[in-house]
Amino acid sequence: MKPIVVLGMGSRLMMDDGIGVNVVETLARESPEDEYVDYRVGETDWEYGLDLIVSAEYLILVDAAIMGKRPGEFTIFPLRELSSINSGISQHHLHFLEVMQQLDQQKRGIMIGIEPFQIDFHWGLSRELNELFDPLVVRIKDAIEKIKKKYREDRNLLAKD
């Protein structure tokens, strides 16, 4: 298992709720193999993602999050702060918090919450998010690259001690 796990959550059957899945699938296709980052899709199945969550040294959860922003904007939340955020922002992150509380762990990582345009019964993203998709993936990839760089630097510092 690679130390950084990027986990895409959401339901493809609920339009923009699947944005996390689509972003992570695209990142996995476009990113060369490296020793630090593992891209995985959990969709709405936390049982599948449980082993990934527990074994990751650093977790990056990518999911739709209703924050009242413009569609396609994203917000980065430290995982340890999610319990204090309005419980309505994502239908998936509460499962994660419950798992972490049951495991009595303070998981290092972040949630990248992407503002949806519409959540409704429909296969695929809304036209609005489709139009914003490529630049969104680039911005999220840049954020992940910064995290990976910091992780490598921290790891190198520990190795020198």
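**A tour from Glu-43 to the cores**

Select Glu-43 to begin: this residue is partly exposed, with a relative accessible area of 30% (buried is under 20%, exposed over 50% and partly exposed in between, with a 1.4 Å probe and protein chains only). Glu-43 belongs to strand S2, and although this residue is not a glycine, its phi is positive, at about 50 degrees. Most residues other than glycine have a negative phi.

The model is predicted, so local features need pLDDT of at least 70 and side-chain atom pairs count only at pLDDT 80 or more, while totals for chains, interfaces and linings use all residues. Residues are numbered from 1 along each chain as its sequence is written, and side-chain values use heavy atoms, with hydrogens and water left out.

Now show the whole chain as a cartoon, which has four helices and five strands (DSSP runs numbered from the N terminus, helices being H or I of at least four residues and strands E of at least two). From the N terminus on, these elements follow the order β-α-β-α-β-β-α-β-α. Of the 161 residues, 47% count as buried. Among contacts (heavy atoms within 4.5 Å) between residues at least 6 apart in sequence, 80% join residues at least 24 apart.

Colour next by pLDDT, the predictor's confidence in each residue from 0 to 100; the chain averages 85, and 83% of the residues score at least 70. Among the elements, H1 has the highest mean, 97, whereas helix H3 (residues 93-103) has the lowest, 57. Where pLDDT is low, the predicted coordinates should not be read in detail.

Move to the loop between S1 and H1, where Met-15 is placed. Met-15 is buried, with a relative accessible area of 10%, and this residue, which is not a glycine, also has a positive phi, near 55 degrees. Add His-122, which touches Met-15 as well as Arg-12, Leu-13 and Met-14, not counting residues up to four places away in sequence. His-122 sits in the loop between S5 and H4 and is partly exposed, with a relative accessible area of 39%. Its C-alpha atom is separated by 5.4 Å from that of Met-14, although the two residues are 108 apart along the chain.

In that loop, between strand S5 (109-114) and helix H4 (127-160), select Glu-115. Glu-115 is buried yet has no salt bridge, and the nearest side chain of opposite charge, that of Lys-69, is 7.3 Å away (a salt bridge puts a side-chain nitrogen of Lys or Arg within 4 Å of a carboxyl oxygen of Asp or Glu; Lys and Arg count as positive and Asp and Glu as negative, with His and the chain ends not counted). What does lie beside a polar atom of the Glu-115 side chain is the backbone nitrogen of Met-67, at 2.7 Å, and that of Gly-68, at 3.2 Å.

Finish with the largest nonpolar core (buried Ala, Val, Leu, Ile, Met, Phe, Trp, Tyr and Cys residues joined through side-chain atoms within 4.5 Å). Of its 25 residues, those touching the most other members include Val-6, Val-62 and Ile-140. Strand S1 (4-9), helix H1 (19-30), strand S2 (37-43), strand S3 (58-64), S5 and H4 each supply at least two residues of this core, and H4 gives the most, with eight. A second, separate core of 12 residues includes Leu-7, Met-9, Phe-77 and Met-111.

Notes
A polar contact is a pair of N or O atoms within 3.5 Å; within protein, one must be able to donate a hydrogen and the other to accept it, and residues adjacent in sequence count only if both atoms are side-chain atoms.
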